[in-house]
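Here are some questions to work through with the model open beside you. Have a look at it first, then read on.

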Amino acid sequence: MSTETSETWLTQEAYDRRSAELEQLSGHGRTDIAKKIEQARGEGDLKENGGYHAAKEEQGKIEARIRVLTELLRHAKVGAAPQSNGVVESGTVVTATIQGDPSEFLLGSREIVDAASELDVYSEGSPLGAAILGHKVGDTVVYTAPNGKDITVVISKVEPYEP
């Protein structure tokens with residue numbers, strides 16, 4: 001695990017939504033799973049107790065999500081999307097042609113968008129995100145994908161993300 005921390009841009013709405021999720025998981029989520037584990041423990045031999053093992057697995061997922069949210073919120077930069085001036089940066093929606101196919105996506109954290117959003121999200125650390133970060137409208141960028149193929153991206157539009 002990297003000890004390097006990076007700032008993540010979030011809208012106020014996304015920050016509030018993730019804060020509420022963290023509060024729920026840290027409070028009721030932990031309480032509820034503890035009750036499930038205790039109830040399953042009472043059902044007998046733990047080696048053959050499927051309910052107990054399922055509850056413990058769920059507890060692990062809750063604790064992992066709590067760690068992710070805590071770290072995200074600790075390093076969040078909250079506010080309006082950066083004014084892009086046609087330059088690709090975190091919090092911008094990019095319209096580009098990737099290998100000849102048109103695409104529109106947000107560069108940033110998946111935590112920014114609402115779960116119902118159909119907008120694709122690429123992090124700044126992804127191969128695509130790292131390749132286009134700092135480039136501007138009209139630029140053509142070629143990067144090597146994890147599978148070894150060269151991918152051509154033509155940036156045609158960059159705008160601030162608006163939820």
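Contact here means heavy atoms within 4.5 Å, and helices (H or I, at least four residues) and strands (E, at least two) are DSSP runs numbered from the N terminus. This is a predicted model, where local features need pLDDT of at least 70, side-chain atom pairs count only at pLDDT 80 or more, and totals for chains, interfaces and linings use all residues. Residues are numbered from 1 along each chain as its sequence is written, and side-chain values use heavy atoms, with hydrogens and water left out.

Q: What covers the buried residues of α1?
A: Buried means under 20% relative accessible area, exposed over 50% and partly exposed in between (1.4 Å probe, protein chains only). By that rule the buried residues of α1 include R17, R18, L22, L25 and I33. Their cover includes β1 and α2.

Q: Where is the kink in α1 centred?
A: α1 has 30 residues and spans 42 Å from first C-alpha to last, close to the 44 Å expected at 1.5 Å a residue. That expected span is 1.5 Å times one less than the number of residues. For the bend at a residue, take the angle between axes fitted to the seven residues ending there and the seven starting there. The kink is about 35°, and its centre is L25.

Q: Which helix gives the most to the largest nonpolar core?
A: A nonpolar core is a set of buried Ala, Val, Leu, Ile, Met, Phe, Trp, Tyr and Cys residues joined through side-chain atoms within 4.5 Å. The largest one has 22 residues, and L10, L106, I112 and Y161 have the most contacts inside it. β1 (8-10), α1 (12-41) and α2 (50-74) each supply at least two of its residues. With 7 residues, the top contributor is α2.

Q: How many residues are in the other core, the one with L107 and Y143?
A: This core lies apart from the largest one. Its members include L128 and I132 as well, and its size is 16 residues.

Q: Why is the pair of F105 and Y122 called edge-to-face?
A: Rings of Phe, Tyr and Trp (its six-membered ring) pair if their centres lie within 6.5 Å; planes under 30 degrees apart count as stacked, over 60 as edge-to-face and the rest as tilted. F105 sits in β4 (101-107) and Y122 in β5 (120-122), so the pair ties together parts 17 residues apart in sequence. The ring centres of F105 and Y122 are 5.0 Å apart, and their planes meet at 85°.

Q: Which residue has a positive phi although it is not a glycine?
A: Most residues other than glycine have a negative phi. The one to look at here lies in the loop between β3 (92-98) and β4. At about 55°, the positive phi belongs to Q99.

Q: Which residues are linked with R65 in a network of salt bridges?
A: A salt bridge is a side-chain nitrogen of Lys or Arg within 4 Å of a carboxyl oxygen of Asp or Glu. R65 pairs with E21 at 2.9 Å between the closest N and O atoms, and with E111 at 2.8 Å. R65 is in α2 and E111 in the loop between β4 and β5, so that second bridge ties together parts 46 residues apart in sequence. The residues networked with R65 are R18, E21 and E111.

Q: Is E111 buried or exposed?
A: E111 touches L10 and forms a salt bridge with R65. Its relative accessibility is 14%, so E111 counts as buried.

Technical notes: Lists of a residue's contacts leave out its neighbours within four places in sequence.
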